[in-house]
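Some labels in a structural description rest on a cut-off, and it helps to see how each one is earned. Please go through the labels for this structure one at a time.

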Amino acid sequence: MFSKQEKLLLAILASIQFSSIVDFMIMMPLGPQLMRMFAINPHQFGLLVSSYTFFAGLSGFAASFFLDKFDRKACLLFFFIGFSVGTVACGLAPNYEMLLLARGLTGVFGGVLGSLVLSIVSDAISYERRGSAMGVIMTSFSMASILGVPFSLFLANQFNWHAPFIFLGCTSLALCVVIWFKVPSMSKHLEGGIIKEPMWNTISRIANNKNQRRGLYFMSSVMFGHFAIIPFLSPSLVANAGLTESQLPLMYMIGGAFTIFSSPFIGRLADRYGKHKVFLWGALVTLIPYWVITNLGPSPLWVVLAICAFFFVVSGGRMIPATALVSGTARPQNRGSFMSIVSCVQQLSSAVSSYIGGLIVTTGAHGRLEHYPVVGYIAIGFTFVAIFLSRRIEAVEGGGPAPVEHVAEPVV
């Protein structure tokens, strides 16, 4: 299905996503340890999570004004180097305040990586095969769960919480060398010349495109519901379900093992049966673990692991058709800027959701997290909103109608 060059490109992009996901995910299982070491409450821990996503959203918005004016490879290297340095800075942070600042710095660069990866995939792979390509990229989440997070926790237990960030930052810098030599120039979107237009035309073009506006509302709903739950998943499993901190890596390993097989399969289903239909069923099934996880009390280890594995499969699986759907609403010439705005909306929605979740969830008697079910109901409500919006999104690729877009004069 993919050529040798396409496979190599997808492997490198998946590795970049792997680094970005591990950097973000490691905060969750380190949550109980950081809350104890820094003597912080759930609200302050929520700020650690939301600081990354908030600054990622702001940088995604700023990047939308210039991403389509440069070679995709040059942009990828610039932001991935910045992300790597920011991750090392997290590892060197001596206290809560400096860690909060370093997380924001990492978010400035990391927030653009996702949109760049999706733009490159969308430029290199046709819409008809894009679900499968997104499935390959999503396996980075699986590998992060199986290898990245458990190994990071191993480093944290063997040394201290600083170690996983320093190790990840250094390996990411090494990956920059691979990108330099192995990723080809990605400038096909510049073939008609650089578009000369006022900066704010990028925003007005999207604002005047009803289809793209729906795509932004759609992704915002998906992320808002999801990230109301995610930051407190690990702390709740320890405080409410009875897991020990040493058992948390099992959740990520088992969940990731299942998604290695489910993500490519769901990608193929999306290409065969349609992105709309696969997202619909994925979103509906996700409601089950949303409710179960947020209402979970003391449970046997195998029950918790089974529930979490199911959650990983369905929540990650629905993002494959969702991302393919949204990527199909923009043309190649404007895709980088649009996907950067999509990333901005995703990150800001995640930041607001994490912050609100931190206000709702409190620490009760014996360290138990209270009011977590309220967050679950919020996630369920926003899932229904996302389902409604998904039905109204159309693709400008693959035979769909093309909405009118403003075309500026190119400069050759």
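The questions and answers below take up aromatic pairs, salt bridges, cysteines, surface residues and backbone angles.

Q: What kind of model is this, and how are its residues numbered?
A: This is a predicted model, in which local features need pLDDT of at least 70 and side-chain atom pairs count only at pLDDT 80 or more, while totals for chains, interfaces and linings use all residues. Residues are numbered from 1 along each chain as its sequence is written, and side-chain values use heavy atoms, with hydrogens and water left out.

Q: How many aromatic pairs are found, and why is the pair of F38 and W161 called edge-to-face?
A: A search of the whole structure finds 16 aromatic pairs. Rings of Phe, Tyr and Trp (its six-membered ring) pair if their centres lie within 6.5 Å, and planes under 30 degrees apart count as stacked, over 60 as edge-to-face and the rest as tilted. The centres of F38 and W161 are 5.8 Å apart and their planes stand at 75°, so this pair is edge-to-face.

Q: Which parts of the chain does the pair of F38 and W161 link?
A: The pair links distant parts of the chain, 123 residues apart: F38 is in the loop between α2 (31-37) and α3 (42-63), and W161 is in the loop between α6 (127-158) and α7 (162-182). Helices (H or I, at least four residues) and strands (E, at least two) are DSSP runs, numbered from the N terminus. F38 and W161 also belong to one aromatic cluster together with Y96 and F165.

Q: What makes F218 and F279 an edge-to-face pair?
A: With ring centres 4.9 Å apart and planes at 75°, the pair of F218 and F279 is edge-to-face. Because F218 lies in helix α9 (residues 210-229) and F279 in helix α12 (residues 275-294), this pair ties together parts that are 61 residues apart in sequence.

Q: How do you know whether F218 and F279 are buried or exposed?
A: Buried means under 20% relative accessible area, exposed over 50%, and partly exposed in between (1.4 Å probe, protein chains only). F218 has 0% relative accessibility and therefore counts as buried, and F279, with a relative accessible area of 0%, is buried.

Q: What makes the contact of R103 and D23 a salt bridge?
A: A salt bridge is a side-chain nitrogen of Lys or Arg within 4 Å of a carboxyl oxygen of Asp or Glu, and the side chains of R103 and D23 meet at 3.2 Å, N to O. R103 lies in helix α5 (residues 96-124) and D23 in helix α1 (residues 4-25), so the pair ties together parts that are 80 residues apart in sequence. R103, at 0% relative accessibility, counts as buried, and D23, at 0%, counts as buried.

Q: How many salt bridges does the structure hold, and how do D271 and K275 meet?
A: The structure holds 2 salt bridges, and one of them is formed by the side chains of D271 and K275, at 3.1 Å, N to O. D271 has 22% relative accessibility and so counts as partly exposed, whereas K275, with a relative accessible area of 7%, is buried.

Q: Why does C176 form no bond with C170?
A: A disulfide is a pair of cysteine sulfur atoms within 2.5 Å, and the closest cysteine sulfur to that of C176, in C170, is 11 Å away, which is too far for a bond. The structure holds 0 disulfides. C176 counts as buried because its relative accessibility is 7%.

Q: Why is Y355 called partly exposed, and where is Y355 found?
A: Y355 is found in helix α14 (residues 332-360), and its relative accessibility is 37%, so Y355 counts as partly exposed.

Q: What makes the phi of A39 notable, and why is A39 called exposed?
A: Phi of A39 is near 55°, a positive value in a residue other than glycine. A39 lies in the loop between α2 and α3, and its relative accessibility is 66%, so A39 counts as exposed.
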